[in-house]
Amino acid sequence: GCDAECVAPRLEALRGHALQLALACLQGREPTRSCFQAWLAQGMALDTLYLQVLAPAANLVGQWWQDDSVDFAHSTLGYNHLQDLLVEFSPQFLAQSSGYAAPASHRALMMGQPHAQHSLGLMMLAEFFRRDGWSVTSASKMGRFEALSTVGNEAFDLIAVSVSTTREFSPLKKLISQLRERSLNPRVVIMVGGPVLALMPDLAEQLGADFSSTSADQALRDAA
């Protein structure tokens, strides 16, 4: 058991790790990998590293880009190095048990906002759902036409949309409403998440979705 007194230093350490990883990913693939490998060797769980180190590191890189501390090319390379970690450790992650009861053959479509740049959050979300037994179709870049034809041809239990910018908000709201209308499953549930959620807690309400989730593990619990 761990009381509040030992939680604070642990959270502080994880914040430090996230900063270290964000700086490492801007330096290159090898520094990124060696940071991550070192924490795994110390016995840190992949779940913890994904949710409390990798995701916040990606957010930091995004923040630095928005503040003009890092240019677009460097931030994109940094994101790519972080995404490489998800790809490399995917077999190890999927082999672990999540502790949730997997719903029988539930299907999810996961898509980024049309014209979105980065898909790390979406990749992580798909990993958590796949590990829990969901069948996942995931596309970070999916245009309106492709999205509507996909949900019209296959029955999904869940559609997850990652929202990375408040620009093009009204077309997105319209798309969500069309996805619901066009869905082969009339009871489809639509979830939103992504960087914009931190700025706009009522994102689901604003876009006409059913619910929003701040992290991959929370999304899995909410969806189940």
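Which residues in α3 meet which residues in α4? This report on a predicted model starts with that helix pair and then turns to the sheet, two further helices and the cysteines.

## Helices α3 and α4

On the α3 side, the contacting residues are L46, D47, Y50, L54, A57, A58, V61, G62 and W65. They meet F72, S75, Y79, L82, L85, L86, F89, S90, Q92 and F93 in α4.

Helix α3 covers residues 46-66, and helix α4 covers residues 72-95. Their axes come within 9 Å. The crossing angle is roughly 170°. Angles over 145 degrees count as roughly antiparallel, so α3 and α4 are roughly antiparallel to each other.

## The sheet

Five strands make up an open sheet. Their order is β2-β1-β3-β4-β5, and the pairing is parallel. The edge strands are β2 (135-139) and β5 (211-212). Each of these pairs on one side only.

Strand β1 spans residues 107-112. Five of its six residues are buried, so β1 is largely enclosed by the rest of the structure. β1 pairs with β2 over five bridges, in the parallel sense. Here M110 stands opposite S138 in β2. Five bridges also join β1 to β3, again running parallel. In that pairing M111 stands opposite V161 in β3.

At the β5 edge, two bridges join β4 (residues 189-193) to β5. These strands run parallel. M191 stands opposite F211 in β5.

## S162 in strand β3

Is S162 buried or exposed? This residue is found in strand β3. Its relative accessible area is 17%. Buried means under 20%, so S162 counts as buried.

What does S162 touch? Leaving aside residues up to four places away in sequence, the contacts are M111, G112, Q113, L122, G193 and G194. Of these partners, L122 is one of the buried residues of α5.

## Helix α7 against the sheet

Helix α7 takes in residues 169-182. It lies across three strands: β1 (107-112), β3 (158-162) and β4. The helix runs at about 155° to β4.

## Helix α5

Helix α5 runs over residues 120-131, twelve residues in total. From first C-alpha to last it reaches 17 Å. That is close to the 16 Å expected at 1.5 Å a residue.

How many residues of α5 are buried? Nine of the twelve are, leaving the helix mostly covered. The buried set is L120, L122, M124, L125, A126, E127, F128, F129 and R131. Charged residues E127 and R131 are therefore listed there too. After α5 comes G133, whose phi is positive, near 95°.

## Cysteines

How many disulfides does the structure hold? The count is zero. A disulfide needs two cysteine sulfur atoms within 2.5 Å. For C25, the closest cysteine sulfur is in C35, 9.6 Å away, which is too far for a bond. For C35, the closest cysteine sulfur is in turn that of C25, again at 9.6 Å and too far.

Both residues are buried: C25 has a relative accessible area of 1%, and C35 has 10%.

Technical notes. Residues are numbered from 1 along each chain as its sequence is written. This is a predicted model: local features need pLDDT of at least 70, side-chain atom pairs count only at pLDDT 80 or more; totals for chains, interfaces and linings use all residues. Side-chain values use heavy atoms; hydrogens and water are left out. Helices (H or I, at least four residues) and strands (E, at least two) are DSSP runs, numbered from the N terminus. The expected span of a helix is 1.5 Å times one less than its number of residues. Buried means under 20% relative accessible area, exposed over 50%, partly exposed in between (1.4 Å probe, protein chains only). Two strands pair if DSSP finds at least two bridges between them. Contact means heavy atoms within 4.5 Å. Axes are lines fitted to C-alpha atoms, for helices over the stretch in contact, and angles run from 0 to 180 degrees between N-to-C directions. Angles under 35 degrees count as roughly parallel, over 145 as roughly antiparallel, 65 to 115 as roughly perpendicular and the rest as oblique.
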